[in-house]
Amino acid sequence: MSATIRWVRGGGLSTLLLLLPLLLVFSYFAWFPIGRAVVMSFQETNMVTDPVWVGLANFRHVLEDPLFWTSVRNTLYFTGLALLFGYPVPLVLAVVMSELRRGKGLYSALAYLPVVVPPVVAVLLWRFFYDASQTGVFNTLLGWVGLGPFSWIQDTSSAMPSLVLQATWANAGATVLIYLAALTAVRGDLYDAAEVDGAGLWHKIWHVTLPQLRGILLITLILQVIATFQVFTEPYLMTNGGPQNATVTVLLQIYNYAFRFGDYGAATALSVLLALFLAVLSAVYFRLTRSWSTT
């Protein structure tokens with residue numbers, strides 16, 4: 001009996017027929033736009049008149065645009081700051097909360113609360129809090145302890161760290177819950193053995209907790225890198241790329257190409273470049289960390 005006949009008799013054909021509508025819908029709404037974007041990246045189009053094939057002209061235009069390298073540097077800066085501050089914060093909170101004997105559910109809810117707030121509302125609230133005057137919310141609070149006032153998003157040197165602070169507050173809660181769930185799978189006897197050996201809290205975290213969470217940590221790291229490379233809401237709503245292009249990111253530049261300048265060819269070309277970069281980065285990352293996540 002051939003493998004095909006065994007597959008059909010085993011229910012493979014009926015399973016495929018049941019999945020076919022879902023696969024068609026998914027392909028239409030997911031893969032078709034991706035393919036359409038790749039095609040548009042080689043065209044000059046305004047989405048109204050007939051497109052004109054221009055080959056690699058859109059890619060050359062994007063790479064020769066001075067704001068391209070500015071947006072790349074800003075995006076890398078945002079990603080670096082987000083990893084430096086935003087990546088360890090959820091892990092620290094999760095470990096501290098896992099050690100609590102009472103009120104763990106309450107603290108978990110409070111940690112997740114910023115995620116429930118709509119992103120646009122959260123960004124606009126923080127924009128109001130970042131008022132650079134002495135009567136601004138943050139400057140008033142810091143003034144009580146003799147600090148400030150600070151310029152926050154109105155200054156080129158502090159604008160990007162201010163965006164990172166807001167993004168960390170808004171997104172850390174979901175990762176905290178992931179780490180809390182992962183911590184429940186850590187074997188208790190490992191902690192008992194560490195205590196018998198005289199290990200303190202820090203040694204238990206370093207030698208027991210972190211190795212047990214290695215796979216989760218590697219996944220959340222690449223997910224955060226991908227998400228931060230696609231940052232858009234914060235710079236668009238809070239600073240609109242200012243001051244002096246200090247917060248122009250790659251995704252904001254894509255938006256500007258498409259909806260400010262009407263150059264959809266350049267917008268899709270930059271989108272394709274970003275997608276290719278993230279795909280290569282992810283492939284290299286998983287290649288390099290394959291043995292680390294399984295040992």
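Colleague: How do you know that H9 bends at Ala172?

Modeller: This is a predicted model, and the angle is computed from it. Take one axis through the seven residues ending at Ala172 and another through the seven starting there. In H9 the angle between them is about 40 degrees. That angle is the bend, so Ala172 is where H9 bends.

Colleague: What makes the span of H9 close to the expected one?

Modeller: Helix H9 covers residues 159-183, which is 25 residues. At 1.5 Å a residue, 36 Å is expected from the first C-alpha to the last. The model gives 35 Å.

Colleague: Which loop leads into H9, and what stands out there?

Modeller: The loop between helix H8 (137-143) and H9 holds Trp152. Phi of Trp152 is near 55 degrees, a positive value in a residue other than glycine. Most residues other than glycine have a negative phi.

Colleague: Why is the peptide bond from Gly242 to Pro243 called cis?

Modeller: Look at omega: near -10 degrees for this bond. Pro243 sits in the loop between helix H13 (233-239) and helix H14 (250-260).

Colleague: How do you know that domain 1 and domain 2 are in contact?

Modeller: The chain divides into domain 1 (1-54) and domain 2 (61-289). Their C-alpha centres lie 33 Å apart. Yet 8 residues of domain 1 touch 6 of domain 2, with heavy atoms within 4.5 Å, so the term contact applies.

Colleague: How much area do the two domains bury, and on which atoms?

Modeller: About 510 Å² is buried between domain 1 and domain 2, 72% of it on carbon and sulfur atoms. Met40, Ser41 and Thr45 lose the most on the domain 1 side, together 54% of what that side buries.

Colleague: What polar links cross the interface of domain 1 and domain 2?

Modeller: The rule finds 2 residue pairs in polar contact. It finds 0 salt bridges, so no Lys or Arg side-chain nitrogen meets the 4 Å cut-off to an Asp or Glu carboxyl oxygen across it. Helix H2 (residues 12-40) gives the most to the domain 1 side, with 3 residues.

Key:
Residues are numbered from 1 along each chain as its sequence is written. This is a predicted model: local features need pLDDT of at least 70, side-chain atom pairs count only at pLDDT 80 or more; totals for chains, interfaces and linings use all residues. Side-chain values use heavy atoms; hydrogens and water are left out. Helices (H or I, at least four residues) and strands (E, at least two) are DSSP runs, numbered from the N terminus. The expected span of a helix is 1.5 Å times one less than its number of residues. Domain bounds come from an automatic or database domain assignment. Buried area is the accessible area (1.4 Å probe) that two parts lose on being put together, summed over both. A polar contact is a pair of N or O atoms within 3.5 Å; within protein, one must be able to donate a hydrogen and the other to accept it, and residues adjacent in sequence count only if both atoms are side-chain atoms.
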